[in-house]
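Open the model in your viewer and keep the selection box ready. Each stop below says what to select and what is there.

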Amino acid sequence: MAQALALAARGLYTTDPNPRVGCVIVRDGEVVGEGFHRRAGEAHAEIHALAAAGDRARGATVYVTLEPCSHTGRTGPCAEALQAAGVARVVVAMVDPNPLVAGRGIRLLEEAGIEVAVGLLADDAQALNPGFIARMAAGRPFVRLKMAMSLDGRTAMGSGESQWITGPEARCQVQRLRARSSAILSGVESVIMDDSRLTVRAEQLGLDDAAAIASRQPLRVIVDSQLRLPLAAACLRAPGRTLVMTTSDDVDRRARLTDAGAEVQTLPADAQGRVDLPSLLAWLARHEAVNELLVETGATLAGAMLNAALIDELQLFVAPTLLGGEARPLFALPGLTLMADQQRLDIHDIRAVGQDWRIIASPLVTGARDDTKVP
């Protein structure tokens, strides 16, 4: 199963919006076939492994990181393919959260007389597909917030100048976060200030197949309640799609943005008349099949999402530098006046990345506050 998980990880940047899945077939103590899902629309991991095993699959044990599918989508049901191959046993790391499967694949195998075991290295399998699980089980993406800061918790000078706080190794890690994500979310203030393309840059990935990975650009999503995105913004000229989420009914501005290359979507407003963030996440999951959403933005939107308990994971890159009290803070969190109000984090990993440090953490959620504001 560990080998199957390693195979599944080879699809980290390419399978979206499908899950990352690996499969190993063993007969008489020997690996006779293996495979992984490479990209949506192509053969699943089990099919690759069965093709490699050929007749040796009969009577074999199959180790697969996700329950074999039982429905016909762009490919046929893997559960039926395993049955037709005559395998004797299937070991599944985790049940598929997709309602179209959700135990049906396992039942098909068992009804065909195939022994099935479920749960081996389940936590590792789940860690490979946090976004797919979140979209299928909760109807929203897995939200990962990336921020770079100085040792004194500042993200930019007071003027907005921010390039570069961290070094090239940290920026390489950020490019890999972008590459594995279905979409990148930013607020219009950040886009106006930085004029970032919000793209995956092959030359910064540091991977052998960087060009192929960068050919699939994640969807760019700009939260822009009043349609203030400049028509000359770099993200509108970059490869891939730019989706502007708004509450505005300004027809003329909408038409100009559309002509400039944006797609504009109107969403419900929150109590302050800004884009309702839970509605935004649900829309992205439902209409764009967004599994993992990478948030790269400023203090206002970052604080709003944290306040609304919408952040699943934080990746904070900390540079050994000080920017001073006039520089811009990491989060705008209005209403924090007492120690009892503090937002605590559960830290999962801290490690050096070049001359910088990366902290991976998750919020200890106690519920959203009422003062959430977005750009």
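Over which ring does the charged end of Arg-38 sit? Select Arg-38 and Phe-36: the charged end of Arg-38 is over the ring of Phe-36, 4.6 Å from its centre. "Over" here requires NZ of Lys or CZ of Arg within 6 Å of the ring centre and within 35 degrees of the ring normal.

Before moving on, note the ground rules. This is a predicted model, numbered from 1 along each chain as its sequence is written. Local features need pLDDT of at least 70, side-chain atom pairs count only at pLDDT 80 or more, totals for chains, interfaces and linings use all residues, and side-chain values use heavy atoms, with hydrogens and water left out.

**Rings, continued**

Select Arg-171 and Trp-164. Arg-171 lies over the face of Trp-164, at 4.4 Å from the ring centre. Aromatic pairs number zero in the structure; such a pair would need ring centres of Phe, Tyr or Trp (its six-membered ring) within 6.5 Å.

**Whole chain**

Zoom out. The chain holds 14 helices and 16 strands. These are DSSP runs, numbered from the N terminus: helices are H or I with at least four residues, strands E with at least two. The C-alpha atoms fill a box of roughly 70 × 45 × 45 Å along the principal axes. The radius of gyration is 23 Å, which agrees with the value near 21 Å for a compact globule of 375 residues. That radius is taken over C-alpha atoms, and the globule rule is 2.2 Å times the number of residues to the power 0.38. Of the 375 residues, 51% count as buried, meaning under 20% relative accessible area with a 1.4 Å probe, protein chains only.

**The five-strand sheet**

Select strands 1 to 5. They form an open sheet in the order 2-1-3-4-5, with mixed pairing. Two strands pair if DSSP finds at least two bridges between them. The edges are strand 2 (30–36) and strand 5 (115–118), each paired on one side only. From one strand to the next, the twist averages 15°. Now add helix 1 (residues 2–9). Helix 1 packs on this sheet and touches strand 1 (22–27), strand 2 and strand 3. Contact means heavy atoms within 4.5 Å. The direction of helix 1 makes about 145° with that of strand 1. Axes are lines fitted to C-alpha atoms, for helices over the stretch in contact, and angles run from 0 to 180 degrees between N-to-C directions.

Next, strand 3 (residues 61–64) and strand 4 (residues 89–92). They run parallel, joined by four bridges. Tyr-63 stands opposite Val-91 in strand 4.

**The nine-strand sheet**

Move to the other open sheet: its order is 11-10-9-8-12-6-13-16-15, and its pairing is mixed. Strand 11 and strand 15 (345–353) are at the edges with a single partner strand each, so one side of each lacks a neighbour in the sheet. Neighbouring strands are turned by 25° against each other on average, direction ignored.

Select strand 6 (residues 142–150) with strand 13 (residues 313–319). Seven bridges pair them in the parallel sense. Lys-146 stands opposite Gln-315 in strand 13.

**Last stop: strand 10**

Is strand 10 (residues 242–246) buried or exposed? Five of its five residues are buried, so strand 10 is largely enclosed by the rest of the structure. Colour its two sides: Thr-242, Val-244 and Thr-246 are on one, Leu-243 and Met-245 on the other. On one flank, strand 9 (residues 219–223) runs parallel to strand 10 over four bridges, with Val-223 opposite Met-245. Strand 11 (residues 262–266) is also parallel to strand 10, over five bridges, and Leu-243 stands opposite Glu-263.

Technical notes
Rings of Phe, Tyr and Trp (its six-membered ring) pair if their centres lie within 6.5 Å; planes under 30 degrees apart count as stacked, over 60 as edge-to-face and the rest as tilted. Buried means under 20% relative accessible area, exposed over 50%, partly exposed in between (1.4 Å probe, protein chains only).
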